[in-house]
Amino acid sequence: MKNSFNITTPVVFIIFNRPDKVKAVFERIRMAKPQKLFIIADGPRKNIATDIEKCKLCRKIVENIDWDCNVYRNYSDKNLGCGIRPASGLDWVFSQVEEAIILEDDCLPDISFFYFCQELLEKYKNDERIISISGNNFQDYTVCKESYYFSYFTLTCGWATWKRVWDKYDYNMALWPEFKKRKYIYNLFKNKKFAKSVFVDVFDDVYSKKITSVWDYQFSFLSFCNHGLNIVPKVNLVKNIGFDEYATHTFESKSTMAYKMSRLEKMTFPLVHPTIFQKNIEAEHFDMKYAYCYYSIYERVINKIKKIFLL
């Protein structure tokens, strides 16, 4: 196991009001001992009385820096929400560094996740084809012989990227109307119904501000605009511990996605790198079904029949 040196790559930790989860994830960060740590905190909501104390407690937990580390804090006094707060915080981070490993308070990483990201951030730092490095893998089985594969999907429950990428990020998605008009997204995903239901319709809502609680769909849009590839490990390196009643998005603990993200596995080193730069179609089809819960009409009919007959 690679654990004989500290993480030199800056680590970003995004926190809010869940002290138990902040404590668990922060302990993994302490194990990695990054030389630079950026902490982004949202403020308490006005209508939730318990937020004040919980936010204070979360911030107190991350004061316990007992290793040699430069710490940078960006704390909001008011609640910006889980869309603006991460986006504005990452703007602040990438105004100061060229690359970073990013964790939210419900993303519990294996220690190998840090080394995986650090090595690949260096390897692909000047490769404009690569948009992000994910710690997530939803597969039931190994889809590649190498240590990772490439995907059009941006999986950001524990991830890493570069300033060269984030500088293209636009929370307001100003390019969406033109992108939609030219139907570029249908060239990326041959399944037009999937592209429309999972991305086009949501992008419409994000652009019109009907949905304001997200920042990651805008990042997916950035990747699509640049025809980017995203690195996905062959095993799941980050466990999502946020599937509970206090979550904003990940609240269904019995969902297939929750099950896939409940695993925590280790990456083996040295890494074996792919030699072909193209998306893994087999993995994409699996993610369409389980990560994005999209089923073909045929599969929907079969599933309905199974439910009827309790198969």
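1. The N-terminal end of helix α11 is capped by N280. In this predicted model, a side-chain oxygen of N280 lies 3.2 Å from the backbone nitrogen of E282.

2. Helix α11 itself covers residues 281–290. Its buried residues are A283, E284, F286, D287 and M288. Note that E284 and D287 are listed there beside A283, F286 and M288.

3. Strand β4, residues 99–104, is mostly covered, with 5 of its 6 residues buried. Two pairings of this strand can be followed in the model, one with β1 and one with β8.

4. The pairing of β4 with β1 (residues 11–15) is parallel and has 4 bridges. To locate the register, look at F13, which stands opposite L103 of β4.

5. The pairing of β4 with β8 (residues 159–162) is antiparallel, and 4 bridges join these strands. Here I102 of β4 has W159 of β8 as its bridge partner. The register can thus be read at L103 for the β1 pairing and at I102 for the β8 pairing.

6. Strands β2 (residues 36–41) and β3 (residues 70–75) run parallel and are joined by 6 bridges. Within this pair, I39 is found opposite R73 of β3.

7. What is the handedness of the unit that β2 and β3 make with helix α2? The β-α-β unit is right-handed, and α2, its helix, spans residues 51–61. The β2 and β3 strands of this unit are the parallel pair described in the previous point.

Key
Residues are numbered from 1 along each chain as its sequence is written. This is a predicted model: local features need pLDDT of at least 70, side-chain atom pairs count only at pLDDT 80 or more; totals for chains, interfaces and linings use all residues. Side-chain values use heavy atoms; hydrogens and water are left out. Buried means under 20% relative accessible area, exposed over 50%, partly exposed in between (1.4 Å probe, protein chains only). A polar contact is a pair of N or O atoms within 3.5 Å; within protein, one must be able to donate a hydrogen and the other to accept it, and residues adjacent in sequence count only if both atoms are side-chain atoms. Two strands pair if DSSP finds at least two bridges between them. A crossover is right-handed if, with the strands pointing away from the viewer, the path from the first strand over the helix to the second runs clockwise.
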